[in-house]
Amino acid sequence: MGDHTESIELLYDPAVITYEELLEYFWKSHNPTTHAWSVQYKSGIWYHEEAEKEVIARSIEKYESSSKRKIQTTVEPADTFYIAEDYHQKWYLRKHDILMKALAECGLEQEDDMINSFAATRLNAIVSGKGSLEQWEKEDLGVPLNAEAMEYVTTMLSSKRRVYSCAG
C-alpha cells in the first residue's frame, strides 16, 4: 500500500485558534522545504473549501518570502480520510504501560475509546516531547488519572526523559 500519505485530520474551534494560526504552527513544526522521499511521508495540506485554499496560498507565500526557500508541501482538495491501523494510534503513549493502565482504569479500555480520547491525545503529545512541566501542572485531561500516572508524567517532564524515536 504505497499510495497513501500518513497524515492527521484536525478538528478545531475557530473561536480558540484560527486557520492561519494552525498553518503557522504547521510550517514551524517541520521542514516544508524538503522534498519528500515517498508519497507516504510527503508534506501535505488538504482543504475542504476554496476559502481554505486561498488562506493556504497566502500562508505559503508568506512563509516562502520569509524563508527564501520553496515550499514542497502539496495542497490538495480533501477526500476520504482513513483512520490508521490501531497500532499506529497513540504510538508514543503505547510505550508507557503505567499511563495505558491508568487510562484503562478511567474507562478507556477499548481501542475506539482511546483513539478518540482527548486525554490519550494529550498524554501521547506529552510523552513524545510536546509540552512542559508548567503546562502539565495546568492540564485538565477530563479523566481522573491515578496518582502513580500523575507522578510518572511529572517526573518525566521534570527530568526531560521522553521517548522520541519512531523505531519500533
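This is a short talk about helices and loops in one predicted model.

Thanks for coming, everyone. Some housekeeping before the structure. Because this is a predicted model, local features need pLDDT of at least 70 and side-chain atom pairs count only at pLDDT 80 or more, while totals for chains, interfaces and linings use all residues. Residues are numbered from 1 along each chain as its sequence is written, and side-chain values use heavy atoms, with hydrogens and water left out.

Let's begin with helix H2, residues 50–67. Helices here are DSSP runs of H or I with at least four residues, strands are runs of E with at least two, and both are numbered from the N terminus. H2 has 18 residues, which at 1.5 Å a residue should span 26 Å, and its end C-alpha atoms are indeed 26 Å apart. The expected span is 1.5 Å times one less than the number of residues.

Which residues of H2 are buried? They are Glu-52, Val-55, Ile-56, Ser-59 and Ile-60. Buried means under 20% relative accessible area, exposed means over 50%, and partly exposed is in between, with a 1.4 Å probe and protein chains only. Those buried residues cover an arc of only 140° around the axis, so they sit on the same side of H2; the arc is taken over the directions from the helix axis to the C-beta atoms. They pack against helix H1 (19–28), strand E1 (44–47) and strand E2, where contact means heavy atoms within 4.5 Å. On the face turned away from that buried side, H2 carries the exposed residues Arg-58, Glu-61 and Lys-62.

Right after H2 comes Lys-68, with a positive phi near 60°. Most residues other than glycine have a negative phi. Lys-68 lies in the loop between H2 and E2 and is exposed, with a relative accessible area of 71%.

Lys-90 also gets a mention here: its phi is positive, about 50°, although it is not a glycine. Is Lys-90, in the loop between E2 and H3, buried or exposed? Lys-90 is buried, at 10% relative accessible area. Ser-117 touches Lys-90 and Leu-108, not counting residues up to four places away in sequence. That serine lies in the loop between helix H4 (111–115) and helix H5 (118–127), and Ser-117 is buried at 8%.

In the loop between E2 (74–77) and H3 we also find Lys-95, partly exposed at 37% relative accessibility. Lys-95 and Asp-79 are 16 residues apart along the chain, and their C-alpha atoms are separated by 32 Å.

Now for the helix pair. H3 (residues 97–105) and H7 (residues 147–159) pack at about 145°, with axes 9 Å apart. For that, axes are lines fitted to C-alpha atoms, for helices over the stretch in contact, and angles run from 0 to 180 degrees between N-to-C directions. Who meets whom? Ile-98, Leu-99 and Ala-102 in H3 meet Glu-148, Ala-149, Tyr-152 and Val-153 in H7.

H7 itself has 13 residues and reaches 18 Å from first C-alpha to last, close to the 18 Å expected. Its buried residues are Ala-149, Tyr-152, Val-153, Met-156 and Leu-157. They cover an arc of only 125°, which puts them on the same side of H7. What covers them includes H3, H5 and helix H6 (133–138).

That's my tour, and I'm happy to take questions!
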